[in-house]
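Good morning, everyone, and thank you for making time for this. Please have the sequence and the structure open while I talk, and stop me wherever a term is unclear.

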Amino acid sequence: MLKQRTLKTLTRAVGVGLHSGQRVELTLRPAAPDTGIVFRRVDLAQPVDIPVTAQSVTDTRMATTIANGGAKVHTIEHLMSACSGLGLDNLYVDITAEEVPILDGSSSSFVFLLQSAGIELQNAPKRFIRMLQPVEIREGEGDNLKWARLEPYHGYKLRFEIDFAHRVVDATGQRYEFDLGQGNYSRDIARARTFGFTKDVEMLRANGLGLGAGLDNAVVMDDWRVLNADGLRYDDELVKHKILDAMGDLYVVGKPLLAAYSAFRSGHAMNNKLLRALLAQPDSYEIVSFEDDKQAPAGFALPARAW
Ligand SMILES: [Zn+2]
């Protein structure tokens with residue numbers, strides 16, 4: 001049987017929020033089978049649990065935010081991406097502020113934390129959402145066109161295309177495809193950092209956002225070049241970060257997808273709309289588990305390995 005996974009033990013991280021600039025502590029703890037991923041605001045007088053579901057996503061403007069009543073957590077997508085990449089099903093995330101720490105702007109610090117704590121196999125079948133029919137969201141026309149799509153596939157692969165009229169993007173890659181069955185999430189995707197342009201950073205700051213952003217947690221570009229002294233981590237780091245984000249955005253659905261995702265200029269908002277469209281069409285998917293590990297698609301059968 002292909003089993004659910006949680007952590008062997010708890011692990012902690014301290015950092016600052018990308019937008020709030022606030023110091024925040026994170027404690028990642030094992031959770032029982034079928035718990036899913038649950039954030040807990042432990043700084044509130046009465047701690048509030050916020051289970052991660054497609055419906056608990058309330059804001060997708062600059063990052064993915066979840067809420068339960070008045071309690072919120074912003075910028076969950078990089079941690080969710082690491083959970084998706086390592087196949088973690090059940091986890092408690094205790095947090096002492098409104099925003100997940102940005103750490104180095106990628107998900108590699110989360111991958112390191114989760115792998116240091118160790119992955120525990122649980123005695124319950126891992127359940128997947130298997131696509132039966134394509135689901136698509138399409139918006140705008142011409143230069144404003146963007147779309148995202150999920151199609152049936154025995155495995156999990158993501159193809160993303162960005163379209164920035166910028167020298168750095170032109171010189172590197174505008175598109176990338178990652179297949180969990182062939183690639184290695186920790187190596188190929190996790191190190192790709194958040195990116196932004198200096199003019200956007202100024203605008204964000206004027207609106208009280210991006211207060212924790214800087215060259216140590218984001219790729220920052222002016223009109224001509226990358227400002228980080230060490231340059232890029234991958235030649236195509238920007239489009240790879242969009243795949244990292246999409247994996248986090250899609251994992252809020254609560255189960256791993258067996259699907260081919262493809263997208264053109266999509267983002268947090270459109271990725272969430274795609275999930276809601278999927279859930280609104282019950283004949284477009286089914287829930288499956290694998291009695292025999294060998295029947296499971298490549299990339300899902302083995303517990304995540306150390307890098
Ligand atoms: Zn991101």
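Let me begin with Arg 159, which is partly exposed at a relative accessible area of 42%; here buried means under 20% relative accessible area, exposed means over 50%, and partly exposed is in between, with a 1.4 Å probe and protein chains only. Before going further, I should say that this is a predicted model, in which local features need pLDDT of at least 70 and side-chain atom pairs count only at pLDDT 80 or more, while totals for chains, interfaces and linings use all residues. Residues are numbered from 1 along each chain as its sequence is written, and side-chain values use heavy atoms, with hydrogens and water left out.

Arg 159 has a partner, Glu 177, and the two form a salt bridge whose closest N and O atoms are 3.5 Å apart, a salt bridge being a side-chain nitrogen of Lys or Arg within 4 Å of a carboxyl oxygen of Asp or Glu. This pair links distant parts of the chain, since Glu 177 lies in strand S15 (residues 175-179) and Arg 159 in strand S14 (residues 156-161), 18 residues apart; strands (E, at least two residues) and helices (H or I, at least four) are DSSP runs, numbered from the N terminus. Glu 177 is itself partly exposed, at 40% relative accessibility.

How many salt bridges does the rule give? The count comes to 21. Among them is the one between Asp 49 and Arg 40, at 2.5 Å from N to O, where Asp 49 is partly exposed at 29% and Arg 40 is partly exposed at 24%. Asp 43 and Arg 41 also meet in a salt bridge, at 2.9 Å, but here Asp 43 is partly exposed at 37%, whereas Arg 41 is buried at 6%. In addition, Glu 136, Arg 138, Arg 149 and Glu 151 are linked in a network of salt bridges.

Now to the metal. The protein donors of the zinc ion are His 78 (NE2), His 241 (NE2) and Asp 245, which is listed twice through OD, and they lie 2.1 to 2.7 Å from the ion; donors are N, O and S atoms within 2.8 Å of the metal (3.2 Å for Na, K and Ca), and because water is not among the atoms, sites may look incomplete. His 78 lies in helix H1 (residues 77-86) and His 241 in helix H6 (residues 237-251), so the pair ties together parts that are 163 residues apart in sequence. Both His 78 and His 241 are buried.

Why is the arrangement around the zinc ion irregular? The 4 donor atoms subtend angles of 53 to 148°, whereas four donors count as tetrahedral if all angles lie between 85 and 135 degrees; four count as square planar, and six as octahedral, if opposite donors are over 155 degrees apart and all others between 65 and 115, and anything else is irregular.
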